[in-house]
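Visitor: I would like to go through the cysteine links in this protein. Could we look at the structure together?

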Amino acid sequence: QVHLVESGGGSVQAGGSLRLACAASGYRYYVGICVAWFRQAPGKEREGVAGIYSGTGSAYYADSVKGRFTISQNTPKTATFLQMNSLQPEDTAMYYCASVPRPGCPSDSWWMPSQYVTWGQGTQVTVSS
């Protein structure tokens, strides 16, 4: 059974940085996995922030975070990270990690929650002005 566990959330002031981590367990080593970070603020829909494919390292970003956030993975591909710089109050949300085994991330729909089958419990990010 696949499990995802997020960590690294917290409270920072605008302009600050945080690094989120998503630890995955239960995947067979030879499976290619699309992993993405989503966020959801109160009263808003869940938004795809960044995605990465374990097989190639191809990364995808929402326009709202390009140039500020970086998604990466460790060498065993057991953890996915989201480095968040220049944080703004509008980045405040619960951040979730999600994954699905497949041959690549769909470039035109990696940001859709329906593409993923496993979700973590989330980690809160709060940015104050």
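Visitor: What is the handedness of the link of Cys22 and Cys97?
Guide: In this predicted model, the link of Cys22 and Cys97 is left-handed, with -75° about the S-S bond. The pair links distant parts of the chain, with Cys22 in strand β3 (residues 18–25) and Cys97 in strand β9 (residues 93–101), 75 residues apart.

Visitor: And what is the S to S distance for Cys22 and Cys97?
Guide: The S to S distance is 2.0 Å, and a disulfide joins Cys22 to Cys97.

Visitor: Are Cys22 and Cys97 buried or exposed?
Guide: Both Cys22 and Cys97 are buried.

Visitor: How many disulfides does the count come to?
Guide: The count comes to two disulfides. Cys34 and Cys105 also form a disulfide, and the sulfur atoms of that pair are 2.0 Å apart.

Visitor: Why is the disulfide of Cys34 and Cys105 right-handed or left-handed, as the case may be?
Guide: The disulfide of Cys34 and Cys105 is right-handed because the torsion about its S-S bond is about 115°. Cys34 lies in strand β4 (residues 33–40), whereas Cys105 lies in the loop between β9 and β10 (118–119), so the pair ties together parts that are 71 residues apart in sequence.

Visitor: Buried or exposed, for Cys34 and Cys105?
Guide: Cys34 is buried, and Cys105 is buried as well.

Visitor: One last topic: what is the pairing of the bonded cysteines, numbered in sequence order?
Guide: Numbered in that way, the bonded cysteines of the protein have the pairing 1-3, 2-4.

Key:
Residues numbered from 1 in each chain as written. Predicted model: local features only at pLDDT ≥ 70, side-chain atom pairs only at ≥ 80, totals over all residues. Heavy atoms only, no water. Disulfide = S-S within 2.5 Å. Helix = DSSP H or I, 4+ residues; strand = E, 2+ residues; numbered from the N terminus. Buried < 20%, exposed > 50% of the residue type's maximum accessible area, 1.4 Å probe, protein only.
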